[in-house]
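Work through the exercises below with the sequence and the 3D structure at hand. Try each task before reading its solution.

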Amino acid sequence: MNWGKVVGILFALLYIFLSFNALQTDFYSGFQQIKSFIGLQDNLRFSVVSSNSSTIILKVENPLNVSIIVYNITGDYVYLEKSYVIPPQGSENLVLKVTNYNALINKINKNEETITISLRILNTTINEVETL
Amino acid sequence: MKYPILFSYYIISLIIVLIPFPWWYYSVGGIFQVFDSPFQVNIIFFGENLILAQILNILLNAFRIYVAINLIYGIILIARNKMHRYSTMFWLPIFYFIDPIILYFVFNYFLGQLLHEPISYPFLIIGEENLTISSQNTNIQMTIISEPTLLFWISLIPTALYILFLLKERKVS
């Protein structure tokens with residue numbers, strides 16, 4: 001008889017039994033947390049605050065607990081002057097420069113204006129191409 | 001003492017088992033970070049500690065208790081000059097070299113099929129590499145970091161001692 005294994009299993013089971021209360025609360029709050037992660041799916045909302053012939057002000061909301069760096073937003077007639085850091089759970093107004101307003105409007109109306117957004121979250125870089 | 005190598009194997013193993021620090025650090029683009037050892041795990045997702053990992057921790061801690069008691073039992077028997085083998089601590093660090101190989105296949109074949117997107121997960125055991133996922137209009141690049149901690153290297157001492165014990169045993173017989 002290997003008493004090491006017998007006593008080991010007994011104490012391991014005893015430990016699990018004693019942790020049962022913690023286990024239940026962890027289960028509950030753990031699933032609540034997973035649900036909140038699923039909500040992150042529709043994260044990062046962009047909305048236009050104001051615009052004129054030379055600039056567009058874009059509001060970006062960050063629902064994450066980590067900051068997001070917006071490196072660049074570039075299209076044929078728009079660009080971002082500098083990169084922005086959006087704090088966790090916060091928002092930031094980005095100033096987009098417009099180089100040629102009429103051409104931009106033209107392209108948007110034709111559904112041809114594509115912009116490239118490049119972001120960084122922690123050690124992840126995301127490049128996304130969107131049609132306006 | 002009849003089995004000095006085995007005795008030191010048990011003593012060092014017991015010390016390692018009782019140290020509550022991770023053996024390995026693994027990160028997928030910083031978004032998903034894992035600090036783990038065979039006896040504990042901490043998962044961070046988007047900067048938040050994953051609570052469900054605590055449930056796993058209870059089981060892993062139970063495993064820690066089980067292994068520790070087996071090692072103490074081994075120490076008692078060896079101290080009385082009785083032969084006793086318990087090779088778990090020899091195997092545990094070795095599994096850490098197998099893990100990345102499994103991950104490689106999971107990412108490239110299973111996850112790639114599931115998402116219908118080609119994923120080029122790098123083959124790495126220790127170090128830093130880039131993982132690129134691209135779909136029609138999005139390109140995501142993540143830095144994969146997989147690194148052992150100091151404690152992992154220390155945990156290879158029992159493995160070495162056990163091999164030494166096996167070699168010596170073979171020589172005798």
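A pocket is found on a 1 Å grid over the protein atoms alone: it is an open set of points with protein on both sides within 12 Å along at least five of seven lines, and its lining residues have an atom within 4 Å of a point. Grid points are joined across faces, edges and corners, and a volume is the space filled by probe spheres set on the points, the probe being 1.4 Å. The model is predicted: local features need pLDDT of at least 70, side-chain atom pairs count only at pLDDT 80 or more, and totals for chains, interfaces and linings use all residues. Residues are numbered from 1 along each chain as its sequence is written, chains are lettered from A and ligands numbered from 1 in the order in which they are written, and side-chain values use heavy atoms, with hydrogens and water left out.

**Exercise 1. Describe the second largest pocket and its lining.**

Step 1. Start with the volume: the second largest pocket holds about 410 Å³ of space.

Step 2. Count the lining and find its middle. There are 22 lining residues, and those nearest the centre of the pocket are A:Phe46, A:Leu58, A:Ile115, A:Ile117 and A:Leu132.

Step 3. Assign the lining to elements. Helices (H or I, at least four residues) and strands (E, at least two) are DSSP runs, numbered from the N terminus. In chain A, at least two lining residues come from each of β1 (45–51), β2 (55–61), α3 (101–109), β7 (114–121) and β8 (124–131).

Step 4. Sort by type. Ala, Val, Leu, Ile, Met, Phe, Trp, Tyr, Cys and Pro count as nonpolar, Asp, Glu, Lys and Arg as charged, and the others, Gly among them, as polar. The lining then has 16 nonpolar, four polar and two charged residues.

**Exercise 2. Find the buried face of helix α2 of chain A, and what covers it.**

Step 1. Check the length. The expected span of a helix is 1.5 Å times one less than its number of residues. Helix α2 (residues 20–38) of chain A has 19 residues and reaches 27 Å from first to last C-alpha, close to the 27 Å expected.

Step 2. List the buried residues. Buried means under 20% relative accessible area, exposed over 50%, and partly exposed in between, with a 1.4 Å probe and protein chains only. In α2(A) the buried residues are A:Leu23, A:Asp26, A:Gly30, A:Gln33 and A:Phe37.

Step 3. Look down the axis. The buried residues of α2(A) fall within an arc of 95°, so they line one face of the helix. The arc is that of the directions from the helix axis to the C-beta atoms. An α-helix has 3.6 residues a turn, so residues three or four places apart point the same way.

Step 4. Turn to the face away from the buried side of α2(A), which carries exposed A:Asn21, A:Tyr28 and A:Lys35.

Step 5. Name the cover. In chain B, β3 (40–45), β4 (48–49) and α2 (52–79) are among what covers the buried residues of α2(A), where contact means heavy atoms within 4.5 Å.

**Exercise 3. Repeat the analysis for helix α1 of chain A.**

Step 1. Helix α1 (residues 3–18) of chain A has 16 residues, which should span 22 Å, and its end C-alpha atoms are 22 Å apart.

Step 2. A:Gly4, A:Gly8 and A:Ala12 are the buried residues of α1(A). Seen down the axis, they fall within an arc of 55°, so they line one face of α1(A).

Step 3. On the other side of α1(A), the exposed residues are A:Leu10, A:Leu13, A:Phe17 and A:Leu18.

Step 4. The buried residues of α1(A) pack against α2 of chain B.

**Exercise 4. Is B:Tyr96 buried or exposed, and which residues does B:Tyr96 touch?**

Step 1. B:Tyr96 is located in helix α3 of chain B.

Step 2. B:Tyr96 counts as buried because its relative accessibility is 7%.

Step 3. Leaving out residues up to four places away in sequence, B:Tyr96 touches B:Trp23, B:Trp24, B:Asp36, B:Ser37, B:Pro38 and B:Phe152.

Step 4. B:Tyr96 and B:Pro38 are 58 residues apart along the chain, while their C-alpha atoms are separated by 9.2 Å.

**Exercise 5. Place A:Leu122 and describe its backbone angle phi.**

Step 1. A:Leu122 sits in the loop between β7 and β8 of chain A.

Step 2. Phi of A:Leu122 is near 50°, a positive value in a residue other than glycine.

Step 3. A:Leu122 counts as partly exposed because its relative accessibility is 36%.
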